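Please examine the model shown below. A short series of questions and answers on its helix packing and salt bridges follows.

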Amino acid sequence: MKSLNPRIIKESFALFEPRAEEISAYFYGRLFAENPRLRAFFPPAMDRQRSRLFHALREIVWSLDSPDTLSAFLSRLGRDHRKFGVTREHYDAMGRALLATLRKFGGDSWTAEMESAWRAAYATAATMMNEAAEQHAAEQPPWWTGEVVGHELRGPDIALITVRPEHPLPYRAGQYVTIQTARWPWMWRPYSVANAPRPDGLLRFHVRAVPAGWVSGALVRDARIGDSLLLGHAAGAMTLDPDSGRDILCVAGGTGLAPLKALVEDANDRGLRRDIHLLVGARTPAELYDLRDLHALETDSPWVRVVPVVSDDPSFDGMHGRVPDVLDRFHDWSDHDVYIAGPPEMVQRTVAALDDLGVPAARIHHDRLDR
C-alpha cells in the first residue's frame, strides 16, 4: 500500500469520469480483441457490465486512502469473481487493457507518473483479489447448484420461487445471492432470500420480471419445477443486530419485501420479542402479492404489525400514499433499527425522510441491488 499514490490516481480519474461509457466500451473492445476467448466469460449484452466496471473503478479509487475499506471491497470482488472462472491470467489481460485504455483517453494529459501510479494500484488490487479468491476456494465452492422445487405465480410478472441447493448454502437473513439460469449463461443477477435459514436448506425468492430483464423474465415465465439454477455466494450487510434491543421498522417496496420478510422470520426464530412494524408499499392493491402470508405472519406473531400502503388507488381500504411520505403519520422512529428494501429511488427517498424525522444514519440499513 505504501507504493500507491492516491492523489495522482484520484486527480487523473477525474479526467476519465465524464467519458465513463465511452471508456468502458473501448476497454472491453480492446480486451476482447487481444483475448478473443475471454468474450465467452461475459453476457451477450454488455451495457450493465460496462456500468459495473466504472462503478468498481470508482469504489477502488476513492478507497485508496482507506486500507480496510479497500481490502473489504476487493476481497468481496475476488471471491465473487470465482463464479466466472477468473484466474490470475485473466487479471493480467485486464490490467494490460485497462492501462492501454487510460493511456489512450488520457491523451496529452497522461504522464509517466500517472502510468506508474495506475500500474501499482492495479497490481495491488489484482493481488488482493487473487489472494481472497484462493483463500475462499479452500473453504467453499465457486457456486452451488440448486433445483427449483416450487414456482408460484402471484401475478402476471411476479413469482415466488423455492430452490433446494445441492449442498447447504450458508447465509444470514437479509442477505442476497446471485442466480444464473441455463437460458442466459454468465448473466448473474442478485436476489434476496425471502426466508431465514431453515433446517431443510430451502431458499425462497420473490422475483419480478422487469422490462429487458433477461434473468428475471426467465425465472418468472420460463422456470419450471425440476429446473437447475446456479447460486452464488451470499452477500449483503442488511442483517439483524440481535444485541441492539431496539424495536424494528421494516420498509418494503415491491419485491423488496423478500429480505425484510426473512428478517422478521429471523427475529421470531431468535426469540427477539421486539415490536416490529413492516410497511409494505405498492401502487395498487393487486401489487400486494404476499398479503395473505403477511397477515398469517402477523396473526402468529402479535409483536409484528403489517401495514400495507397503496399510492395510486384512492378506493383502497387502508393507508394511502407513497411509503416515504407516510412515515410521519406514525410515532417516533428515532429509537428504532430500520431496514429498507425496494427500488433504488424508493430507498433513497425513505432514507431522506427518516433523516428528516431524526433517525440516526447508523441505524438505517439497506443494500442496493440492480436486477
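**Salt bridges and a helix contact**

Q: Is Arg274 buried or exposed?
A: This is a predicted model, and the relative accessibility of Arg274 in it is 7%. Buried means under 20% relative accessible area. Arg274 therefore counts as buried.

Q: Which residue forms a salt bridge with Arg274?
A: Arg274 lies in the loop between helix 8 (257-269) and strand 8 (276-282), and its partner lies in strand 11, 63 residues apart. The closest N and O atoms of the pair are 3.9 Å apart. The partner is buried, with a relative accessible area of 2%. The residue is Asp337.

Q: How many residues apart in sequence are the parts that Asp337 and Arg246 tie together?
A: The side chains of Asp337 and Arg246 meet in a salt bridge of 2.9 Å, N to O. Asp337 lies in strand 11 (residues 336-341), whereas Arg246 lies in the loop between strand 6 (228-231) and strand 7 (247-253), so the parts tied together are apart by 91 residues.

Q: Which residue forms a salt bridge with Arg58?
A: Arg58 lies in helix 3 (residues 47-61), and its partner lies in the loop between helix 1 and helix 2 (20-34). The closest N and O atoms are 2.8 Å apart, and the partner is Glu17.

Q: At roughly what angle do the axes of helix 1 and helix 6 cross?
A: Residues in helix 1, including Phe13, meet residues in helix 6, among them Trp118. The two helices are roughly perpendicular to each other. Their axes come within 9 Å and cross at roughly 105°.

Technical notes: Residues numbered from 1 in each chain as written. Predicted model: local features only at pLDDT ≥ 70, side-chain atom pairs only at ≥ 80, totals over all residues. Heavy atoms only, no water. Axes fitted to C-alpha atoms, helices over the stretch in contact; angles between N-to-C directions. Helix = DSSP H or I, 4+ residues; strand = E, 2+ residues; numbered from the N terminus. Parallel < 35°, antiparallel > 145°, perpendicular 65-115°, else oblique. Contact = heavy atoms within 4.5 Å. Salt bridge = Lys/Arg side-chain N within 4 Å of Asp/Glu carboxyl O. Buried < 20%, exposed > 50% of the residue type's maximum accessible area, 1.4 Å probe, protein only.
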